Amino acid sequence: MDVKITARLTNWDLYQRGERRDISISFPTTREEVQKALKAIGVDGIRDQRVIFTEYDSNLSGFCHCLTQYDSVDEVNYLAHLLSGLSGSEFAAFQSVLEYGEHDQCAGDLINLALNLDCYELHPGVDTDEELGRIYAEFDEAIVVPEALKNYFDYEAYGRDMRLNEGGCFVDGGYMTRYPSNFLEQYAGQEDIPPAYRVFAYPELNIRERLAACKEVTDRAASEHPAPEREQEER
């Protein structure tokens, strides 16, 4: 799938000093694009070093509300690549899990979910216990409903029992079965992001730019923490 995530990247250090400077950046992205964006908002690794996200949007709905301002650039980039590799049915299952309320607290959660979609199965169009019961009664070899009794069999009760026994749930788009014991936390932190998807890098500064940045930091520190005045010597 062609997934695009757009975010507002904000200079957090500058924001802490009472000024807001941000820029829109789209994911998946490249190291060069990130460097360009960081330079535009004054994050060069010397004057300022920290960024946050203040807004998210995407061409596909259902997950941006799970991203946080403190997710890293590399995490969002990795997530965008993972989602772009999903099929339509896989992305539907991804959205259904989020609707159910699992693995939806941050980019790291979404990454783990995208890596574990084989633990979930979405049955499109199944949205009632009665319909679920009819499907199971038709394909479950453990139960055979005689043709003469099919109009009297309680498919709704049977479907409800099957749903409760297997821990399934109805979500927007169908019925979802879960296999939580198979879920493997493959992503524990940014060190688990493959190198190809790590794009955060401060802009490369020439000597003149570096000296100017260092001077600005020194002047800022001097203005924020002025040296104490020497007491006049007693005459």
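This is a short talk on the fold, the two sheets and some aromatic pairs of one protein chain.

The model is a predicted one. I will start with the overall picture and then go through the parts.

The protein has 8 helices and 6 strands. Along the sequence, these elements come in the pattern β-α-β-α-β-α-α-α-β-α-α-β-β-α. On dimensions, the radius of gyration is 27 Å, where a compact globule of 235 residues would be near 18 Å. Taken along the principal axes, the C-alpha atoms fill a box of roughly 115 × 45 × 25 Å. Of the 235 residues, 40% count as buried. If you take contacts between residues at least 6 apart in sequence, 70% of them join residues at least 24 apart.

Now the sheet with strand E1. Three strands make up an open sheet, in the order E2-E1-E3, with antiparallel pairing. E2 and E3 are the edge strands, and each has a single partner strand, so one side of each has no neighbour in the sheet. On average, neighbouring strands here are turned by 25 degrees against each other, ignoring direction.

Strand E1 covers residues 5–11, and 5 of its 7 residues are buried. Towards strand E2, residues 22–27, there are 6 bridges. Towards strand E3, residues 51–58, there are 7 bridges. If you want to check the register on your screens, start from Thr6. In E2 its bridge partner is Ser26, and in E3 Thr6 stands opposite Asp57. Further along, Leu9 stands opposite Phe53 in E3. Phe53 also belongs to an aromatic cluster, together with Phe27 and Tyr56.

What packs on this sheet? Helix H2, residues 31–40, does, and it touches E1, E2 and E3. The direction of H2 makes about 170 degrees with that of E2.

Which residues of H2 are buried? They are Val34, Gln35, Ala37 and Leu38. Looking down the axis of H2, these buried residues fall within an arc of 165 degrees, so they line one face of the helix. The general point behind this is that an α-helix has 3.6 residues a turn, so residues three or four places apart point the same way. Glu32 and Lys36, on the other side of H2, are exposed. The cover over the buried residues of H2 includes E1, E2, E3 and also H3. Just after H2 comes Gly42, with a positive phi of about 80 degrees.

On to the other sheet. It is also an open sheet of 3 strands with antiparallel pairing, and the order is E4-E6-E5. Strand E4, residues 120–124, and strand E5, residues 169–171, stand at the edges; each has a single partner strand, so one side of each is left without a neighbour in the sheet. The average turn between neighbouring strands is 30 degrees, direction ignored. E4 pairs with E6 over 5 bridges, and Glu121 stands opposite Thr177 in E6. Helix H7, residues 155–166, lies across E5 and E6 and runs at about 40 degrees to E6.

Last, the aromatic residues. A pair of aromatic rings is described by the distance of the centres and the angle of the planes. How many aromatic pairs does the structure hold? There are 11. One of these pairs is Tyr78 with Tyr197, which is stacked, at 5.4 Å centre to centre and 20 degrees between the planes. This pair links distant parts of the chain. Tyr78 is in helix H3, residues 73–84, while Tyr197 is in the loop between strand E6, residues 174–178, and helix H8, residues 207–224. The two tyrosines are 119 residues apart.

Is each of the two rings in a buried or an exposed residue? Tyr78 has 8% relative accessibility, and the cut-off for buried is under 20%, so Tyr78 counts as buried. Tyr197, at 27%, counts as partly exposed. Another pair is Phe200 with Tyr202. Their ring centres are 5.3 Å apart and the planes stand at 75 degrees, so this pair is edge-to-face. Phe200 has 27% relative accessibility and counts as partly exposed. Tyr202, at 31%, also counts as partly exposed.

To recap, there are two open sheets, E2-E1-E3 and E4-E6-E5. Helix H2 packs on the sheet of E1, E2 and E3, and helix H7 lies across E5 and E6. The stacked pair of Tyr78 and Tyr197 links distant parts of the chain.

Technical notes: Residues numbered from 1 in each chain as written. Predicted model: local features only at pLDDT ≥ 70, side-chain atom pairs only at ≥ 80, totals over all residues. Heavy atoms only, no water. Phe/Tyr/Trp six-rings, centres within 6.5 Å; stacked < 30°, edge-to-face > 60°. Helix = DSSP H or I, 4+ residues; strand = E, 2+ residues; numbered from the N terminus. Buried < 20%, exposed > 50% of the residue type's maximum accessible area, 1.4 Å probe, protein only. Pairing = 2+ DSSP bridges. Axes fitted to C-alpha atoms, helices over the stretch in contact; angles between N-to-C directions. Contact = heavy atoms within 4.5 Å. Arc of directions from axis to C-beta. Rg over C-alpha atoms; globule rule 2.2 N^0.38 Å.
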